[in-house]
Amino acid sequence: MTTTTTQFATLDKFVPELQNIDFQGHVQLSEPSDDVPINYMIEKLHKLGPVYLNNKSTADTELHIDGCNNNPFFIHKIYLILQSNFFQEAFKDLTDGDVVTIYLPFPQHFESILEYLYDGNDDKFYETLTVDNYKQIWENVKYLGLGVKANSICETFHEEQ
């Protein structure tokens, strides 16, 4: 019997980077590609998330939440589009530099959701939930059409209370 060992290259070798640098030195996040698995892109984006969260100098869109103290969020559409059915629909015709205002059932609880979309830190998101706010955050999660993980975090909190 002969045993053959195959050396596999890392996936990074075959998947394009999610960052491009333009001629002025600005970092731009690439648009989703059919060739790259969504979960892989989200994982890579989460690693970069803390750098890009509410970063006005790299953001492609200014987002206002109706009823939320008039402070805009400076977002990168790719973070929201890849993780939210609502934002997929809302942002499909946007161009870079647009200013968008959206409605949320509980606008005061958007910031923790946005941070979760950028960093993907389940534990940190769970820690933002309290007995007083989890129902409102969960309603926003459902309204935005976030994935199974975000819903599971809210469900777990509810079950543990």
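## A walk through the model, starting at strand 3

Select strand 3 (residues 61-65) to begin: 4 of its 5 residues are buried, where buried means under 20% relative accessible area, exposed means over 50%, and partly exposed falls in between (1.4 Å probe, protein chains only). Helices (H or I, at least four residues) and strands (E, at least two) are DSSP runs, numbered from the N terminus. Before you click on, note that this is a predicted model: local features need pLDDT of at least 70, side-chain atom pairs count only at pLDDT 80 or more, and totals for chains, interfaces and linings use all residues. Residues are numbered from 1 along each chain as its sequence is written, and side-chain values use heavy atoms, with hydrogens and water left out.

**Zoom out for a moment**

Show the whole chain as a cartoon. You should find 7 helices and 5 strands, and from the N terminus on they run β-β-α-β-β-α-α-β-α-α-α-α. Of the 161 residues, 39% count as buried.

**The sheet around strand 3**

Now add strand 4 (73-75) and strand 5 (residues 99-102) to your selection. Together with strand 3 they make an open sheet of 3 strands in the order 4-3-5, with mixed pairing. Strands 4 and 5 are the edge strands, each pairing on one side only. The twist averages 30° from one strand to the next; for angles like this one, axes are lines fitted to C-alpha atoms, for helices over the stretch in contact, and angles run from 0 to 180 degrees between N-to-C directions. Two strands pair if DSSP finds at least two bridges between them.

Take the strand 4 side to start. Strands 3 and 4 run antiparallel and are joined by 3 bridges. Label leucine 63 and you can trace its bridge partner, phenylalanine 73; threonine 61 has isoleucine 75 as its partner.

Then swing over to strand 5. Here 4 bridges join it to strand 3, and the two run parallel. Glutamate 62 has valine 99 as its bridge partner, and isoleucine 65 has isoleucine 102.

Turn on the side chains of strand 5. Which of them point to the buried face? Val100 and Ile102 do, while Val99 and Thr101 point to the other face and are not buried. In a regular strand the side chains alternate between the two faces of the sheet.

**Helix 1 and its kink**

Next, select helix 1 (residues 38-52) and centre on histidine 46, where there is a kink of about 40°, shortly before proline 50. The bend at a residue is the angle between axes fitted to the seven residues ending there and the seven starting there. The buried residues of this helix are Tyr40, Met41, Ile42, Lys44, Leu45, His46, Gly49 and Tyr52.

Step just past the end of helix 1 to asparagine 54, in the loop between helix 1 and strand 3. Its phi is near 55°, a positive value in a residue other than glycine. At 35% relative accessibility, asparagine 54 counts as partly exposed.

**The largest pocket**

Go back to His46 and show the surface. The largest pocket has a volume of about 370 Å³. Of its 18 lining residues, the closest to its centre are Asn39, Ile42, His46, Gln83 and Lys149. Helix 1, helix 4 (110-119) and helix 7 (148-160) each give two or more residues to the lining, and helix 1 gives the most, with 5.

The pocket comes from a 1 Å grid over the protein atoms alone: a cavity is a set of points where a 1.4 Å probe fits but cannot get out, a pocket is an open set with protein on both sides within 12 Å along at least five of seven lines, and lining residues have an atom within 4 Å of a point. Grid points are joined across faces, edges and corners, and a volume is the space filled by probe spheres set on the points.

Colour the lining by residue type and you get 7 nonpolar, 8 polar and 3 charged. Ala, Val, Leu, Ile, Met, Phe, Trp, Tyr, Cys and Pro count as nonpolar, Asp, Glu, Lys and Arg as charged, and the others, Gly among them, as polar.

**Last stops, toward the C terminus**

Pick serine 152 in helix 7; serine 152 is partly exposed, at 31% relative accessible area. Its C-alpha atom is 9.8 Å from that of aspartate 122, 30 residues apart along the chain.

Finish at tyrosine 134 in helix 6. Is tyrosine 134 buried or exposed? At 6% relative accessibility, tyrosine 134 counts as buried. Tyrosine 134 and cysteine 154 are 6.8 Å apart, C-alpha to C-alpha, and 20 residues apart in sequence.
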